[in-house]
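Visitor: I would like a close look at a single helix and its surroundings. Please take me through the part in one connected answer.

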Amino acid sequence: MQFQRIQQAMADYETFLKSGLSSEERLYYWESQRIFQETWDIEAMDFAKMFDQSLQNKQTRRLWNRENYEPKRMMLLFIALQPDFPRQLFGDLFNETRDVAGRMDRFLFYCEELLQDYRRMHPRSPENSHYHNDNYQMISLYLAFRYPDRYAPYHYGVFRELMIRLGSPDIPQNNDPERYFKVMRTLQGLLNKQAHIQQFQASRINDSTLFQGESLLLAFDFACFCTGKP
């Protein structure tokens with residue numbers, strides 16, 4: 001990435017935040033992150049209820065429920081099918097002693113296994129997708145909500161376009177969430193050094209319904225601003 005382009009993009013982002021036009025932009029991410037942080041408990045007796053309550057939002061459910069996209073509903077079906085296995089699946093995904101790319105791939109693999117088990121037990125069911133095979137978007141959301149300062153929601157299109165806009169000599173040609181997370185951490189570090197951006201962002205999320213801690217959602221929001229995506 002070219003530092004001069006990053007500096008210009010951050011100046012434009014500061015103007016965007018200052019304008020107030022950003023006041024409602026993507027704030028539902030911060031709300032859901034707070035709810036997840038306050039609710040998630042891998043040891044919960046009723047894992048299905050805990051999972052359901054962890055993914056909530058008063059503004060929108062689009063992160064896990066929109067047309068032809070229902071990963072939350074399918075995970076709840078899997079939990080009902082095999083209550084202990086999804087708990088173990090999330091335990092592995094959130095195990096920071098292991099390589100994140102491997103964790104994400106294992107999660108995806110076992111979601112596919114759970115879907116096949118579900119279809120065998122419900123042969124007449126129309127379900128033919130677990131919706132986590134979405135280029136790691138939902139899996140990255142779990143990680144971002146569980147570890148706000150380490151991970152950000154992943155969108156391949158955002159990542160690729162961001163690298164183009166910031167002048168990277170190495171444009172991703174395929175999914176690479178691990179590299180994306182590293183880029184987000186780098187950008188977060190630079191954003192944290194911008195006093196005015198920090199001031200405007202603090203004012204923007206000054207609401208008890210939103211997550212207040214260190215969160216790579218700021219870097220993600222910056223990436224979305226730079227690319228004009230979601």
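**Helix H11 and its surroundings**

Guide: The buried residues of H11 are covered by, among others, helix H1 (3-19), helix H2 (27-39), helix H8 (156-165), helix H9 (177-191) and H10. The model is a predicted one, and every value below is computed from it.

Start with the helix. H11 spans residues 217-227, and 10 of its 11 residues are buried, so the helix is largely enclosed by the rest of the structure. The buried residues are Leu 217, Leu 218, Ala 219, Phe 220, Asp 221, Phe 222, Ala 223, Cys 224, Cys 226 and Thr 227. Gly 228 follows H11 and has a positive phi, near 70°.

Next, the core. The largest nonpolar core holds 74 residues, and Phe 90, Tyr 142, Met 184 and Leu 187 have the most contacts inside it. H11 gives the most to this core, with eight residues. In soluble globular proteins, nonpolar side chains tend to be buried together.

Met 184 ties this core to H11. Leaving aside neighbours within four places in sequence, Met 184 is in contact with Ala 219, Phe 220 and Ala 223, and also with Ala 152, Leu 162 and Leu 216.

H10, one of the covering helices, runs over residues 195-204 and contains Phe 200. Residues up to four places away in sequence not counted, Phe 200 touches Glu 14, Leu 17 and Lys 18. The C-alpha atoms of Phe 200 and Gln 2 are separated by 25 Å, with the two positions 198 residues apart along the chain counted as their spacing.

Another covering helix, H2, leads to Trp 40, which lies in the loop between H2 and helix H3 (47-54). The relative accessible area of Trp 40 is 13%, under the 20% cut-off, so the residue counts as buried. Its contacts, again without residues up to four places away, are Phe 47, Met 50, Phe 51, Ser 54, Phe 90, Phe 94 and Arg 146. Phe 90 in that list is also among the residues with the most contacts inside the largest nonpolar core. Between the C-alpha atoms of Trp 40 and Asn 206, 166 residues apart along the chain, the separation is 23 Å.

Further along the chain is the loop between helix H6 (100-121) and H7, where Ser 125 lies. Ser 125 has 17% relative accessibility and is therefore buried. Its side chain reaches the backbone nitrogen of Glu 127 at 3.2 Å, and Ser 125 touches Tyr 118 and Arg 119, residues up to four places away not counted. Tyr 131 lies in the loop between H6 and H7, and so does Tyr 136. Phi of Tyr 131 is positive, near 70°, in a residue other than glycine; Tyr 136, also not a glycine, has a positive phi of about 70°. Tyr 131 is buried at 14% relative accessible area, and Tyr 136 is buried at 16% relative accessibility.

Last comes the largest pocket, with about 150 Å³ of space. It is lined by 13 residues, of which Tyr 29, Leu 63, Arg 66, Gln 137 and His 155 are the closest to its centre. Helix H7 (residues 137-146) supplies the largest share of the lining, four residues. By class, the lining consists of eight nonpolar, three polar and two charged residues.

Methods:
Residues numbered from 1 in each chain as written. Predicted model: local features only at pLDDT ≥ 70, side-chain atom pairs only at ≥ 80, totals over all residues. Heavy atoms only, no water. Core = buried A, V, L, I, M, F, W, Y, C linked by side-chain atoms within 4.5 Å. Buried < 20%, exposed > 50% of the residue type's maximum accessible area, 1.4 Å probe, protein only. Helix = DSSP H or I, 4+ residues; strand = E, 2+ residues; numbered from the N terminus. Contact = heavy atoms within 4.5 Å. 1 Å grid on protein atoms, 1.4 Å probe; cavity = no way out; pocket = protein on both sides within 12 Å on 5 of 7 lines; lining within 4 Å. Points joined across faces, edges and corners; volume = space filled by probe spheres on them. Nonpolar A, V, L, I, M, F, W, Y, C, P; charged D, E, K, R; others polar. Polar contact = N/O pair within 3.5 Å; in protein donor to acceptor, adjacent residues only side chain to side chain.
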